[in-house]
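Got your viewer open? Here is a short walk through the model, stop by stop.

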Amino acid sequence: MTGAAVEPELRARIEDFLAAAAFAVDDDEVERWPLFFTEDGFYQIIPRDGYEAGHPLGIMTCAGRGMMRDRIAALRDANIYEPHGYCHVLARPLLERTAEGEIAARTNFALYRTIQGRATELFAAGKYVDRIVEDGELRLKSRHVVLESRRVDILIVLPI
Amino acid sequence: MTGAAVEPELRARIEDFLAAAAFAVDDDEVERWPLFFTEDGFYQIIPRDGYEAGHPLGIMTCAGRGMMRDRIAALRDANIYEPHGYCHVLARPLLERTAEGEIAARTNFALYRTIQGRATELFAAGKYVDRIVEDGELRLKSRHVVLESRRVDILIVLPI
Amino acid sequence: MTGAAVEPELRARIEDFLAAAAFAVDDDEVERWPLFFTEDGFYQIIPRDGYEAGHPLGIMTCAGRGMMRDRIAALRDANIYEPHGYCHVLARPLLERTAEGEIAARTNFALYRTIQGRATELFAAGKYVDRIVEDGELRLKSRHVVLESRRVDILIVLPI
């Protein structure tokens with residue numbers, strides 16, 4: 001990235017924001033998760049090779065909060081999956097202000113999954129490639145969750 | 001959490017403090033570890049399900065530096081366990097000042113264990129839920145180590 | 001460490017620098033990696049037990065950018081290894097200014113490797129022990145990559 005630097009106060013707010021978005025999922029408060037996006041925010045989980053090749057199709061895509069809410073409602077209602085919890089460990093994000101006044105963020109992460117009654121295991125590693133805007137509050141305009149491996153559980157139920 | 005924000009200078013000190021407490025264990029200087037607590041500081045390792053249910057009993061509990069020192073002396077003297085080392089990777093803490101003027105901190109972490117002669121493995125993932133006070137220096141008034149899984153080695157010898 | 005503190009602005013620059021060095025490898029732009037070192041910079045991967053015993057020999061050593069470039073050219077040309085990618089998750093560094101005006105940095109990390117077509121796995125955990133200088137830009141004068149385990153693939157091709 002080659003954009004302009006981000007001032008320290010804004011960086012601190014963005015880092016808290018990125019952590020809070022992860023905590024919403026980790027803490028089983030996934031209903032709050034769509035609020036970290038703009039109303040028409042874009043969310044996609046995509047393997048690294050597909051992302052780098054510019055493929056438009058990911059493993060999972062939500063265009064807008066409505067789709068995010070539908071997905072969450074489905075997983076709460078259906079409740080057919082094995083209960084499990086997530087724990088995110090995020091590294092320091094690389095932040096830059098774009099020409100359009102948005103923030104481009106890249107954040108490496110490791111995600112640990114614990115299925116009820118089992119040991120904790122590495123579920124995925126990768127990076128968030130985010131566009132963040134401010135409409136009073138910080139929001140994700142888009143988030144690409146770029147996974148190092150395409151070998152993840154086909155049944156990804158919680159947002160990564 | 002809904003407390004007041006923590007100013008940048010204090011945040012930096014707290015982040016250094018949390019890292020230093022982890023390094024004391026990682027660097028096999030565990031005798032220094034009780035000093036990160038107040039004299040009557042509380043330390044408990046507890047699985048997430050028990051923590052969320054409000055259970056008072058954890059996997060391991062130390063009430064006060066004396067119990068912490070006893071535990072460390074025992075593990076140094078007994079020396080019956082397989083030699084192993086820890087490596088902590090802590091994410092950015094969520095920090096808030098409470099109404100009592102303490103700092104409430106929540107820090108996700110991954111802990112890697114390496115038993116002598118073996119490969120490094122994920123030992124635990126979870127979060128520190130801390131109350132931090134200042135008596136000249138920063139100290140942990142309480143630390144709950146909330147583990148994602150209850151399936152951890154029954155023989156946890158080093159503090160997590 | 002017992003050196004002088006590092007001011008917030010410099011800390012932020014160093015943290016970005018350390019992240020950028022990891023991203024150069026993660027993003028398959030390893031040709032840029034030697035530029036994070038001084039011309040005569042030192043790089044060594046060494047297991048923790050050897051490092052603590054003061055052994056001069058590591059698993060891999062590069063003295064100067066020339067050796068680093070040779071190594072990278074070899075791995076690009078030979079291309080005999082299984083394609084794989086790295087993903088680094090770095091924790092907050094401990095930073096101190098030394099008497100010589102350099103920065104001593106210690107950074108815990110976890111490194112995830114993904115071999116093409118396989119699942120992501122923990123490849124190594126450990127710490128960077130760095131000396132950082134400034135010649136207009138920040139540079140690594142030396143980096144010891146201290147691995148928790150000596151059981152790593154003998155065929156380490158990418159810098160850790």
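One term before we start: a salt bridge is a side-chain nitrogen of Lys or Arg within 4 Å of a carboxyl oxygen of Asp or Glu. This is a predicted model, where local features need pLDDT of at least 70 and side-chain atom pairs count only at pLDDT 80 or more, while totals for chains, interfaces and linings use all residues. Residues are numbered from 1 along each chain as its sequence is written, chains are lettered from A in the order in which they are written, and side-chain values use heavy atoms, without hydrogens and water.

Select Arg11(A) and Asp16(C): they form a salt bridge, with the closest N and O atoms 3.4 Å apart. Five salt bridges link chain A and chain C.

Now show the rest of that interface. You'll find 19 residues of chain A in contact (heavy atoms within 4.5 Å) with 21 residues of chain C.

Next, superpose chain A on chain C (least squares on C-alpha atoms of residues with pLDDT of at least 70 in both): a turn of 120 degrees and a shift of 0.0 Å along the axis give an RMSD of 0.0 Å. That is the relation of a three-fold axis. To find the axis, click Ala91(A), whose C-alpha is the nearest to it in chain A, at 3.7 Å.

Last stop, Cys87(C). Its sulfur lies 15 Å from the closest cysteine sulfur, in Cys87(B), too far for a bond; a disulfide needs the two cysteine sulfur atoms within 2.5 Å. Over all chains, the count is zero disulfides.
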